[in-house]
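Reader: I'm new to protein structures and would like to learn how to read one. Can we go through it feature by feature?

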Amino acid sequence: MIITFGSINVDFVYEVEDMPQPGQTLLARRFRTEAGGKGANQGLAAARDGAEVVMVGAVGQDGLAETGLQNLKTATDISRVAILREPTGNASIHIDAKGRNMIVVAAGANLAVSSDSVEEDLLQRANVVLMQMENDVAEVEKLIRRTHASSATSILNLAPAFPLSEEVLSLCDLIVVNEDEAEALAGWLGCGVSAEDLSARLGTGVLRTLGGDGAEAVAFGDKVRVAAMSIEVKDTTAAGDCFVGVLASALDRGLSLKEAMQRASIAAGLACSRPGSQSSLPQRDETDRVIF
């Protein structure tokens, strides 16, 4: 079972030809509203890959809450999602003709989520605790420490990149970063940007995603490099979240690090091949068909 402690957002998605520049007004080619948030996306990706997922987060008492929860409630346990006075988190996403994106997030209720919502009995039943950085940093740190003292594997997606102490980072079993986040982390630590350099400095597992060049990791006693799936890219919005969620799902059911990364890479490729955030996340059988 996976506990996902993370953000729940509603995405306002604008498809544009080119990214807007400062002071510029552009007309979008298309607009849509979708459920999103790193925590929700990763939790849903894991659930669609076959994992049992308990979602821990918060939404507001507003019209956006139902949209934010619409997919989670059909695939995950949302009994620990709080309904608070703060507004439901939301994000403005611009996607250009090349599938690249620019995102601005308003955290809202996500910053009021308490790690106490992960009660001790639940933590003791979990195989994996999956976290990101769109919640209050102090609450993420508390949960990292509690997970370290348990038998569960902790996975921290350091996204968006926000400084945590070296001591706290070293308590994680696996830290997942993309290229930009790896550069930020390396800058704070004063070391190289590779997964090997970061892992050596922190004394824990590190996985670095490399976009079209795949992913690399040094973790759990293994050093692994996997290729990216070759596919026509339509929308990269949820690709990183898909990778992390499917990685957690695969590790939860006992796959090796290499097998988990290969599976996650394929699932992320499938997500890139179609538009949308949560709507792009593949089901388990879709990923299986590519693998087998």
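## Strands, sheets and a helix

Author: Let's start with a pair of strands: β12 and β13 run antiparallel and are joined by five bridges. Keep in mind that this is a predicted model.

Reader: Okay, and what holds strands together in general?

Author: Strands of a sheet pair through backbone hydrogen bonds, and the pairing is either parallel or antiparallel. Here, Glu216 has Arg225 in β13 as its bridge partner.

Reader: Which residue takes a positive phi in the hairpin of β12 and β13?

Author: That's Phe220, with a phi near 55°, in a hairpin that has two residues between the strands.

Reader: What does β12 pair with besides β13?

Author: Strand β11 (residues 205-209) pairs with β12 (residues 215-219) in the antiparallel sense, over four bridges. You can find Thr209 standing opposite Ala215, and Val206 opposite Val218. The hairpin of β11 and β12 has five residues between the strands, and there Gly211 takes a positive phi near 60°.

Reader: Is β12 mostly covered or mostly open?

Author: Mostly covered: four of its five residues are buried.

Reader: In what order do the strands of the whole sheet come?

Author: Read across the open sheet of nine strands and you get β5-β4-β1-β8-β9-β10-β11-β12-β13, with mixed pairing. At the edges are β5 (77-84) and β13 (222-226), each pairing on one side only. Ignoring direction, neighbouring strands of this sheet are turned by 15° against each other on average.

Reader: Which helices pack on it?

Author: One is α1 (residues 38-48), which touches β1, β4 (53-60), β8 and β9, and its direction makes about 150° with that of β4. Another is α7 (residues 179-189): this helix lies across β9, β10 (174-177) and β11, running at about 120° to β10.

Reader: How many strands are in the open sheet with the order β3-β2-β6-β7?

Author: Four, and again the pairing is mixed. β3 (30-36) and β7 (101-106) each have a single partner strand, so one side of each is left without a neighbour in the sheet. The twist averages 20° from one strand to the next. Look also at strand β6 (residues 89-95), which pairs with β7 in the antiparallel sense over six bridges; one place to see this is Ser92, whose bridge partner in β7 is Val104.

Reader: Now helices. How do I make sense of which way their residues point?

Author: An α-helix has 3.6 residues a turn, so residues three or four places apart point the same way. Try this on α5, whose buried residues are Val137, Glu139, Val140, Leu143, Ile144 and Thr147. Seen down the axis of α5, they fall within an arc of 160°, so they line one face of the helix.

Reader: What do the buried residues of α5 pack against?

Author: They pack against β1 (2-5), α4 (120-125), β8 (128-131), β9 (153-157) and α6 (166-169).

Reader: What span should helix α5 have, and how far apart are its end C-alpha atoms?

Author: α5 (residues 137-148) has twelve residues, and at 1.5 Å a residue they should span 16 Å; the end C-alpha atoms are 16 Å apart, which agrees.

Reader: Which residue caps the N-terminal end of α5?

Author: Asp136 does: one of its side-chain oxygens lies 3.1 Å from the backbone nitrogen of Ala138.

Technical notes. Residues are numbered from 1 along each chain as its sequence is written. This is a predicted model: local features need pLDDT of at least 70, side-chain atom pairs count only at pLDDT 80 or more; totals for chains, interfaces and linings use all residues. Side-chain values use heavy atoms; hydrogens and water are left out. The expected span of a helix is 1.5 Å times one less than its number of residues. Buried means under 20% relative accessible area, exposed over 50%, partly exposed in between (1.4 Å probe, protein chains only). The arc is that of the directions from the helix axis to the C-beta atoms. Contact means heavy atoms within 4.5 Å. A polar contact is a pair of N or O atoms within 3.5 Å; within protein, one must be able to donate a hydrogen and the other to accept it, and residues adjacent in sequence count only if both atoms are side-chain atoms. Two strands pair if DSSP finds at least two bridges between them. Axes are lines fitted to C-alpha atoms, for helices over the stretch in contact, and angles run from 0 to 180 degrees between N-to-C directions.
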